[in-house]
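This report covers cysteines, a metal site and pockets, in that order. The sequence and structure come first.

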Amino acid sequence: MEKLRYIDTHAHIVDDAFREDFDEVTGRLREAGIDRVMIITLKPEETEKAIALKREDPLRYQIAAGIFPEDVRGITEESWQRFCRLAADPMVDCIGEIGLDYYWVKDPEERALQREFFIRQIELARELNKPFAVHSRDAIQDTFDIMKEHHWHGLMHCFSGTKEMAAEFIKLGYYIALGGPVTFKNARHSVEVCASVDGRYLLSETDCPYMAPVPKRGKRNEPSYIPYIVRKMAEVRGVTEEEMTETIWQNWERFLRMEPVK
Ligand code: NI
């Protein structure tokens, strides 16, 4: 049987959680056939570390750079400009993860600031002609409204909304990335979304070090666990794992090139 090629579209492998055994983690993902990994970077030091890794293995790694919703608090004009310069680096493929997180933030002014920087970063992605990756927690309607008004190429990371909502995002051309929760017993939404949406918009992700899939649930997650997620997605959609990996592969290529779905 031909070796399957997997994709992790959301991996925080330059996070401190992997500081101790970084080389082992990247070694395991190569061995497991995780042939595409998008590294999510949320600080300049992380982006630089990811760029160094991508130089060694440029086809395997993609890089997303973004200002996370909770980090907009401390932002200065200088740090914004620095971020814009890094985002423009040709080694950076995507702007993310960006978006809204109302779960931890109740203050209306701070929520407004999150919306402002979400919009600014979508507009930056458009200027740079790069797609964007979205984090949305307890803020799905505001997220949707902004992505409708400021329409550009993007994906919803760790989508946890309903299948109806997923279909609305897809109508606007946005992709839906699913991770560990699709393997959880109590994650009804994730399974329903996986089963029902147009497969041409589905992507796989770990969100490591968080959200480890069953049977690794509760442990530190890593890209080499992607097959557990894709296997479950294939089962839910009633296709072979081979078909599922191939669909996700086509979707990812198309997403990065920002081509329309045909
Ligand atoms: Ni993330």
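## Cysteines

The count of disulfides comes to zero. The model is a predicted one, and the cysteine sulfurs described here are taken from it.

A disulfide requires two cysteine sulfur atoms within 2.5 Å. For Cys84, the closest cysteine sulfur belongs to Cys94 and is 15 Å away, so the two are too far apart for a bond. Seen from Cys94, the closest cysteine sulfur is that of Cys84, again at 15 Å and too far for a bond. Cys84 is buried, with a relative accessible area of 15%. Cys94 also counts as buried, at 0% relative accessibility.

## Nickel site

The nickel ion has four protein donors: His10 (NE2), His12 (NE2), Glu97 (OE) and Asp207 (OD). These donors lie 2.0 to 2.7 Å from the ion. The angles subtended by the four donor atoms run from 87 to 174°, and the arrangement is therefore irregular. A tetrahedral label would need all angles between 85 and 135 degrees.

Along the chain, the donors are spaced as H-x1-H-x84-E-x109-D. Glu97 belongs to strand E4, whereas Asp207 sits in the loop between strand E8 (202-204) and helix H8 (226-237), so this pair ties together parts 110 residues apart in sequence. Glu97 and Asp207 are both buried.

## Largest pocket

The largest pocket holds about 740 Å³ of space. Its lining consists of 31 residues, and those closest to the centre are His135, Arg137, Cys158, Asp207 and Met211. Asp207 is thus a lining residue of this pocket as well as a donor of the nickel ion.

Strand E4 (94-101), strand E5 (132-137) and helix H7 (188-196) each contribute at least two residues to the lining. Strand E4 is also where the donor Glu97 lies. By class, the lining of the largest pocket comprises 11 nonpolar, nine polar and 11 charged residues.

## Second largest pocket

For the second largest pocket the volume is about 300 Å³. It is lined by 15 residues, of which Leu42, Lys43, Pro44, Ile67 and Ser79 are the closest to its centre.

Two or more lining residues come from each of helix H2 (44-56) and helix H3 (77-87). H3 gives the most to this lining, with four residues. The lining of the second largest pocket divides into seven nonpolar, five polar and three charged residues.

Terms used
Residues numbered from 1 in each chain as written. Predicted model: local features only at pLDDT ≥ 70, side-chain atom pairs only at ≥ 80, totals over all residues. Heavy atoms only, no water. 1 Å grid on protein atoms, 1.4 Å probe; cavity = no way out; pocket = protein on both sides within 12 Å on 5 of 7 lines; lining within 4 Å. Points joined across faces, edges and corners; volume = space filled by probe spheres on them. Nonpolar A, V, L, I, M, F, W, Y, C, P; charged D, E, K, R; others polar. Buried < 20%, exposed > 50% of the residue type's maximum accessible area, 1.4 Å probe, protein only. Donors = N, O, S within 2.8 Å, 3.2 Å for Na, K, Ca; no water. Tetrahedral: all angles 85-135°; square planar, octahedral: opposite > 155°, others 65-115°.
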